[in-house]
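User: Please take me through the helices of this model, giving the reasoning behind each description.

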Amino acid sequence: MDITATRRQAKIPTVWTRRLQVLTFISSVVFAIGTLLHGWVIINPGTLELMMTLSGKTPAEAATEVPGFLAGFRTVGAVYVIGNALGMLALRGWKWTFWVALAVNVTQAAGPFGMIPPVMWKACAQLYGTVGLLPSIVTDGGALILSIVLIVSLARFRSTWAHRRA
């Protein structure tokens with residue numbers, strides 16, 4: 001059998017194919033909005049100054065470090081907004097969009113597990129209460145759930161987007 005023909009083997013959609021694509025699309029829209037809210041509204045110079053002073057820096061040290069930290073934080077945020085925007089292409093069913101969505105969501109889910117300093121949560125909660133935590137809880141928690149769903153789908157069907165091999 002020709003190896004090229006094997007690789008191009010037809011994939012048959014299952015009942016889960018479209019549902020998984022729609023779930024990924026909706027999640028990507030919500031996560032992009034949540035990332036924008038968290039990175040450009042909740043996390044601002046005031047939040048970062050409080051975060052740094054809570055972690056032991058003097059107000060003067062915090063004031064000098066905030067611009068660089070904010071630029072780096074927003075650069076990472078922009079990468080996730082772009083990644084989530086690419087996840088919106090899940091409706092097209094392209095194989096590469098599955099892998100992008102999985103990579104973006106697995107890494108975004110890692111935020112609360114050490115990627116985001118715990119003191120940032122404390123600063124957000126002090127300044128904004130629960131509302132200040134919601135965008136990140138929704139994006140990071142939702143990304144964890146979507147990652148699990150995508151991984152289970154991949155393990156179950158051994159194919160992207162829950163396709164069955166012909």
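**Helix geometry and packing**

Analyst: In this predicted model, helix 7 (residues 130-157) has 28 residues, which at 1.5 Å a residue should span 40 Å, and because its end C-alpha atoms are 39 Å apart, the expected and the computed values agree.

User: Where does helix 7 bend, and by how much?

Analyst: The bend lies at Ser-136 and amounts to about 30 degrees. Beyond the other end, helix 7 is followed by Arg-158, whose phi is positive, near 55 degrees.

User: Why are helix 2 and helix 4 called roughly antiparallel?

Analyst: Helix 2 (residues 15-42) and helix 4 (residues 59-87) pack at an angle of about 165 degrees, their axes being 8 Å apart. Angles over 145 degrees count as roughly antiparallel, and the pair is therefore described in that way. Their crossing is left-handed. Among the residues that make the contact are Phe-25, Phe-31 and Trp-40 of helix 2, together with Phe-73, Arg-74 and Tyr-80 of helix 4. By class, this contact has nine nonpolar, eight polar and one charged residues.

User: What makes the angle between helix 4 and helix 5 oblique?

Analyst: The axes of helix 4 and helix 5 (residues 95-109) come within 9 Å and cross at roughly 140 degrees. Roughly antiparallel requires an angle over 145 degrees and roughly perpendicular one of 65 to 115, so roughly 140 degrees counts as oblique. This crossing is left-handed. In the contact, Tyr-80, Gly-83, Asn-84 and Leu-86 of helix 4 meet residues of helix 5 including Trp-96, Val-100 and Gln-108. By class, there are five nonpolar, six polar and no charged residues.

Terms used. Residues numbered from 1 in each chain as written. Predicted model: local features only at pLDDT ≥ 70, side-chain atom pairs only at ≥ 80, totals over all residues. Heavy atoms only, no water. Helix = DSSP H or I, 4+ residues; strand = E, 2+ residues; numbered from the N terminus. Expected span 1.5 Å × (residues − 1). Bend = angle between axes of the 7 residues up to and from the residue. Axes fitted to C-alpha atoms, helices over the stretch in contact; angles between N-to-C directions. Parallel < 35°, antiparallel > 145°, perpendicular 65-115°, else oblique. Left-handed = near helix turned anticlockwise from the far one by under 90°. Contact = heavy atoms within 4.5 Å. Nonpolar A, V, L, I, M, F, W, Y, C, P; charged D, E, K, R; others polar.
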